[in-house]
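Here is a briefing on the structure shown below. Read it with the model open.

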Amino acid sequence: MTALTLRVAAKEPLTPLVTRFRFEHPEGARLPLFSGGAHVVVEMTDGNQLRRNAYSLISDPNDGSGYEIAVRREDAGRGGSRFMHGRVAAGDLIRVGAPVNLFSLDLRARKHLMIAGGIGVTPFLAQIRQLDRLGQPYELRYAARSRAEAAGLRLLPRSPRVHVHISDEGGRMDLGGLLAGQPLGTHVYTCGPEGLIAAVEETAARLRWPRAALHSEAFLAPPPGRPFTVRLARSGITIEVGPHESLLEAIEAAGVDAPWLCRGGACGQCETAVLSCRGEIEHHDHWLDAGDRASRTKIMPCVSRFAGEELILDR
Amino acid sequence: MPATKFSPSITSRPVYPGLVSRGAAPSLMVADAEGAEALIDLVERDPAVLDAAHIVYVPAGAPFGARLSALGARLCHEAPSLSAALPRIRAALAEARMGFQLYLAGTEGLIGRVAAEAVSAGLPLDAIQSEHRGSIARRMQCVHCKGITEDVATDPFVCAHCGLTLFVRDHYSRRLGAFQGVCVDAETPGIVPASQEIRP
Ligand code: FES
């Protein structure tokens with residue numbers, strides 16, 4: 001992965017839980033442009049632990065003067081977002097990977113309907129700027145629990161195309177009505193908690209939407225868990241995975257090269273063959289299907305964990 | 001008449017896998033001639049498919065009109081030709097919302113033309129199903145003069161617009177809903193193979 005060393009140009013709290021960061025090149029050089037929906041992987045060196053978390057870019061895809069992200073502090077997470085909130089300050093240098101887009105717009109759509117839950121609004125912030133520039137029709141529905149938690153309110157433009165639903169104020173979204181009323185050629189994009197994505201998929205299936213018109217991105221951070229031991233057969237070593245690191249991070253910390261792209265269980269890049277498994281793989285990814293899981297021959301180290309006596313990987 | 005079985009061809013040649021009910025979703029069903037029987041069979045397999053269906057039928061001399069209207073769809077229209085039915089089809093597509101289903105049954109000319117209308121109205125391809133019944137005559141576009149000749153049943157055939165003798169290709173334009181006809185004697189003027197009936 002090509003990573004750039006950038007300077008933290010701004011750090012601004014948007015809500016008690018969400019902070020916006022802006023990164024710029026230390027010499028003012030232009031950064032590669034991207035497309036709406038792209039993310040970057042931010043490297044965080046915390047003592048001798050290297051964490052890499054993926055964040056959607058929220059700034060204008062056509063603006064190479066800087067990259068912006070919004071980070072929600074997950075107190076029950078592995079610690080990456082706590083590190084960003086507590087330990088990264090304006091002026092610091094930080095390593096940021098080149099943008100990768102796994103949630104791009106289908107520009108053949110006649111209309112783009114975007115459904116955001118909570119911090120899931122982030123990829124859409126870049127996408128609506130792209131669509132404004134292209135002059136393509138869109139409608140953005142942003143759902144949040146309370147006004148105080150809704151960071152999107154600080155980031156979204158005031159526009160008749162943007163609708164806010166605050167559930168504390170009784171403004172729940174009527175998914176059935178929303179999906180039943182869309183013109184032909186609409187594509188729907190959902191980003192948010194898994195429950196929201198599942199609800200959109202069920203409603204769309206009931207209304208006979210074609211699958212090809214549905215797109216989603218779950219923001220999946222590697223969950224913490226109990227420590228476990230893994231044997232890397234090709235490297236000939238045995239490693240320990242700590243409670244607050246992912247299997248992929250532990251493999252990297254041992255100096256073993258392993259492929260990855262999204263670090264969120266979505267892209268398939270990190271798929272690794274399991275040579276022996278005595279115990280249970282805790283699959284947390286969106287990549288392997290039920291057959292793969294039942295066969296116990298594959299694991300996605302970026303998010304999945306293990307509990308049991310022995311796990312041997314072809315790595 | 002049962003659904004037509006076509007012999008294998010190039011991958012771009014359209015295939016018509018048959019109609020499968022997508023339940024009570026709002027829909028438009030368009031058929032010509034024997035295509036009516038495909039709709040009747042579809043409704044027999046799942047009566048709910050009619051709940052929000054609009055049927056448009058071009059009999060072209062076939063005797064199924066009464067049976068189709070007896071099915072009891074919300075709307076059922078007969079038209080003397082597909083061209084006469086197109087304004088009604090376009091109006092139905094203009095009102096449609098995502099989830100709308102299009103069921104096409106009958107000749108390749110009808111299936112191709114209505115599918116092209118639907119795609120240009122924004123209907124996703126996955127929402128379009130088709131079943132071939134009846135005549136295997138094709139709707140052909142002359143690649144030279146661009147004129148369309150309907151109901152071509154022989155190969156080669158004479159372009160109704162420019163008079164060239166055209167070879168019937170399996171190459172198909174989704175946008176036009178027509179196969180391509182290519183001059184058969186361009187290199188050897190006047191030497192034209194004997195005309196044969198098109199086979200499925
Ligand atoms: S890195 Fe994308 S699935 Fe693991």
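**Briefing: chains A and B**

The end C-alpha atoms of residues 9-127 of chain B lie 24 Å apart. That span is 37% helix and 18% strand. The model is predicted. An unreviewed UniProt entry annotates residues 9-127 of chain B as "domain: Dimethylamine monooxygenase subunit DmmA-like N-terminal".

**The C-terminal annotation of chain B**

- The UniProt annotation "domain: Dimethylamine monooxygenase subunit DmmA-like C-terminal", also from an unreviewed entry, covers residues 139-182 of chain B.
- Residues 139-182 of chain B are 0% helix and 61% strand.
- The end C-alpha atoms of residues 139-182 of chain B are 13 Å apart.

**Domains of chain B**

- The domain assignment splits chain B into domain 1 (27-132) and domain 2 (138-197).
- The C-alpha centres of domain 1 of chain B and domain 2 of chain B are separated by 28 Å.
- Contact between these two domains of chain B involves 6 residues of domain 1 and 9 residues of domain 2.
- Together, domain 1 of chain B and domain 2 of chain B bury about 550 Å². Carbon and sulfur atoms carry 57% of that area.
- How many salt bridges are counted between domain 1 of chain B and domain 2 of chain B? The count is 2.
- The count of residue pairs in polar contact between domain 1 of chain B and domain 2 of chain B is 0, with both residues required to be at pLDDT 80 or more.
- On the side of domain 1 of chain B that touches domain 2 of chain B, the residues divide into 2 nonpolar, 2 polar and 2 charged.
- E108(B) and R138(B) form a salt bridge through their side chains, at 4.0 Å from N to O. The cut-off for a salt bridge is 4 Å.

**Around H161(B)**

- H161(B) sits in the loop between β9 (157-158) and β10 (165-173) of chain B.
- Which residues does H161(B) touch, leaving out those up to four places away in sequence? They are C145(B), G147(B), I148(B) and T149(B).
- A polar atom of the H161(B) side chain lies 2.6 Å from the backbone oxygen of I148(B).
- C142(B) and H161(B) are 19 residues apart in sequence. Their C-alpha atoms are 8.4 Å apart in space.

**The interface of chain B and chain A**

- The contact draws 17 residues from chain B and 16 residues from chain A.
- In chain B, the residues that lose the most area to chain A are R97(B), M98(B) and D126(B). Together they account for 50% of what the chain B side buries.
- Chain B and chain A bury about 1200 Å² between them. Of this area, 60% is on carbon and sulfur atoms.
- The rule finds 0 salt bridges across the interface of chain B and chain A.
- It does find 7 residue pairs in polar contact across the interface of chain B and chain A, both residues at pLDDT 80 or more.
- The side of chain B that touches chain A divides into 9 nonpolar, 5 polar and 3 charged residues.

**Domains of chain A**

- The domain assignment of chain A lists domain 1 (3-101), domain 2 (111-218) and domain 3 (228-313).
- Between domain 2 of chain A and domain 3 of chain A, the C-alpha centres lie 33 Å apart.

**Backbone points to check**

- Most residues other than glycine have a negative phi, and most peptide bonds are trans.
- D155(B) and P156(B) are joined by a cis peptide bond, with omega about -5°.
- P156(B) is placed in the loop between β8 (154-155) and β9 of chain B.
- R208(A) is a residue other than glycine with a positive phi, near 65°.
- R208(A) lies in the loop between α5 (194-206) and β12 (214-218) of chain A.

How values were computed: Residues are numbered from 1 along each chain as its sequence is written. Chains are lettered from A and ligands numbered from 1 in the order in which they are written. This is a predicted model: local features need pLDDT of at least 70, side-chain atom pairs count only at pLDDT 80 or more; totals for chains, interfaces and linings use all residues. Side-chain values use heavy atoms; hydrogens and water are left out. Contact means heavy atoms within 4.5 Å. Buried area is the accessible area (1.4 Å probe) that two parts lose on being put together, summed over both. A polar contact is a pair of N or O atoms within 3.5 Å; within protein, one must be able to donate a hydrogen and the other to accept it, and residues adjacent in sequence count only if both atoms are side-chain atoms. Ala, Val, Leu, Ile, Met, Phe, Trp, Tyr, Cys and Pro count as nonpolar, Asp, Glu, Lys and Arg as charged, and the others, Gly among them, as polar. UniProt positions are given in the numbering used here, feature names are shortened, and annotations may be inferred rather than shown by experiment. Helices (H or I, at least four residues) and strands (E, at least two) are DSSP runs, numbered from the N terminus. Domain bounds come from an automatic or database domain assignment.
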